[in-house]
Amino acid sequence: MSGALHSQLSLYAAIATSSFRRYSTYTAATLAGIFTNSVFGIILSFAYLALWEQNPTAGGYEADQAVTFVWIGQALLMTVALWSGGSTDELAERIRTGDIAVDLYRPVSVLGWYLAADLGRGLYHFTTRGVAPAIVGALLFGLVSPSPAGAAGFLVSVVLAVVVSFAVRFLFAASAFWLLDATGPRVLLSVLTTFFSGLTLPLTLFPDGLRQVALALPFASYIQTPADIWLGRHTGLDMLAAIGLQVVWAVVLLGVCALVLRAATRKVVVQGG
């Protein structure tokens with residue numbers, strides 16, 4: 001490994017670590033979030049159980065798998081920043097105020113900087129607001145456990161879910177370069193992710209046509225894909241294909257992010273300073 005590459009990786013690791021530590025200071029917010037996720041997990045679990053009592057194989061899931069799906073969704077909700085948040089919200093604000101000019105002068109990729117920060121944020125939320133509600137769900141309902149291969153695939157899928165989510169959020173945040181305020185696009189993104197990620201209902205419950213489209217969109221990477229890997233619905237080559245689709249979306253979207261950033265920085269309009 002060259003010295004320059006090692007220095008860059010060390011820098012990104014330091015950024016991620018700093019982001020993790022930053023979020024770890026918000027103890028009260030984390031505890032409140034764990035409580036909220038647990039309450040919604042309980043409510044949704046009983047709603048799912050009622051639904052699966054009427055249709056025991058809805059979407060191809062058994063009742064215990066459906067309940068597990070609920071708690072995986074609650075565990076990943078903040079991990080993937082489903083409703084925006086994290087470094088991309090800071091990016092949108094810095095574009096609005098003009099502070100993005102400082103970022104552009106740094107001897108490091110703006111995209112890499114914000115991605116590293118978001119990975120640190122995602123790791124913190126996964127180990128706190130992800131694990132804690134899942135323990136609550138396991139104690140109250142008894143959740144389905146994955147196979148060793150499924151657990152490994154799940155962790156890889158979660159990392160890719162954060163990357164895909166970051167890239168999508170980055171693009172919407174970057175709209176502030178032209179709109180000067182990304183609030184509207186972020187609201188639209190929240191609606192799309194709520195509906196197409198699998199948070200509200202597993203995408204396999206969608207009618208034909210819409211289901212295929214939803215599963216092909218990048219939003220399915222947020223919750224649906226990791227959950228299906230955990231539940232053993234993707235195994236062997238099928239699991240590799242599911243993860244491969246996440247990789248494709250991550251590469252394509254990050255590439256688009258780089259192009260948008262390049263186009264935006266050709267003519268930066270500085271506001272407020």
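The legends below describe close-up views of a predicted model.

**View 1. The largest nonpolar core and its most connected members.** This core holds 59 residues, and those touching the most other members are Leu82, Leu91, Phe170, Phe177, Tyr222 and Ile223. Helix H7, which spans residues 148-174, supplies the largest share of the core, namely 13 residues. Apart from the core just described, there is a second, separate core of five residues, among them Tyr12, Val108, Ala116 and Ala117. If residues up to four places away in sequence are left out of the count, Phe170 touches Thr88, Leu91, Leu111, Cys257 and Leu261.

**View 2. The packing of helix H7 against helix H12.** The axes of H7 and H12, the latter comprising residues 236-265, come within 9 Å and cross at roughly 25 degrees. Because angles under 35 degrees count as roughly parallel, H7 and H12 are roughly parallel to each other. The crossing in which H7 passes H12 is left-handed. Sorted by residue class, the contact of H7 with H12 consists of 23 nonpolar and three polar residues, with no charged residue.

**View 3. The surroundings of Ala174 in helix H7.** Ala174 has a relative accessible area of 3% and is buried. With residues up to four places away in sequence set aside, Ala174 touches Ile95 and Val260. Ala174 and Thr88 are separated by 86 residues in sequence, while the distance between their C-alpha atoms is 8.5 Å.

**View 4. The oblique packing of helices H2 and H6.** The axes of H2 (residues 27-54) and H6 (residues 110-141) come within 9 Å and cross at roughly 40 degrees. This angle lies outside the ranges for roughly parallel, roughly antiparallel and roughly perpendicular pairs, and H2 and H6 are therefore oblique to each other. H2 passes H6 in a right-handed crossing. On the H2 side, the contact is made by Thr30, Gly33, Ile34, Asn37, Ser38, Ile42, Ser45, Phe46 and Leu49, and on the H6 side by Tyr124, Thr128, Arg129, Ala132, Pro133, Val136, Leu140 and Phe141. The residues of this contact of H2 with H6 comprise 10 nonpolar, six polar and one charged.

**View 5. The roughly antiparallel packing of helices H2 and H3.** Here the axes of H2 and H3 are 9 Å apart, and the helices pack at an angle of about 155 degrees. Because angles over 145 degrees count as roughly antiparallel, this description applies to H2 and H3. H2 passes H3 in a right-handed crossing. From H2, the residues Asn37, Ser38, Phe40, Gly41, Ile42, Leu44, Ser45, Tyr48, Leu49 and Trp52 meet Ala63, Ala66, Val67, Val70, Trp71, Gln74 and Leu77 of H3. The contact of H2 with H3 includes 12 nonpolar and five polar residues, and no charged residue takes part.

**View 6. Ala81 and Ser84 in the loop between helices H3 and H4.** Ala81 is placed in the loop that lies between H3 (63-77) and H4 (87-97), and although Ala81 is not a glycine, its phi is positive, at about 50 degrees. With a relative accessibility of 5%, Ala81 counts as buried. Ser84 is found in the loop between H3 and H4, and its phi, near 70 degrees, is a positive value in a residue other than glycine. Ser84 has a relative accessible area of 16%, and because buried means under 20% relative accessible area, Ser84 is buried.

Definitions and conventions
Residues numbered from 1 in each chain as written. Predicted model: local features only at pLDDT ≥ 70, side-chain atom pairs only at ≥ 80, totals over all residues. Heavy atoms only, no water. Core = buried A, V, L, I, M, F, W, Y, C linked by side-chain atoms within 4.5 Å. Buried < 20%, exposed > 50% of the residue type's maximum accessible area, 1.4 Å probe, protein only. Helix = DSSP H or I, 4+ residues; strand = E, 2+ residues; numbered from the N terminus. Contact = heavy atoms within 4.5 Å. Axes fitted to C-alpha atoms, helices over the stretch in contact; angles between N-to-C directions. Parallel < 35°, antiparallel > 145°, perpendicular 65-115°, else oblique. Left-handed = near helix turned anticlockwise from the far one by under 90°. Nonpolar A, V, L, I, M, F, W, Y, C, P; charged D, E, K, R; others polar.
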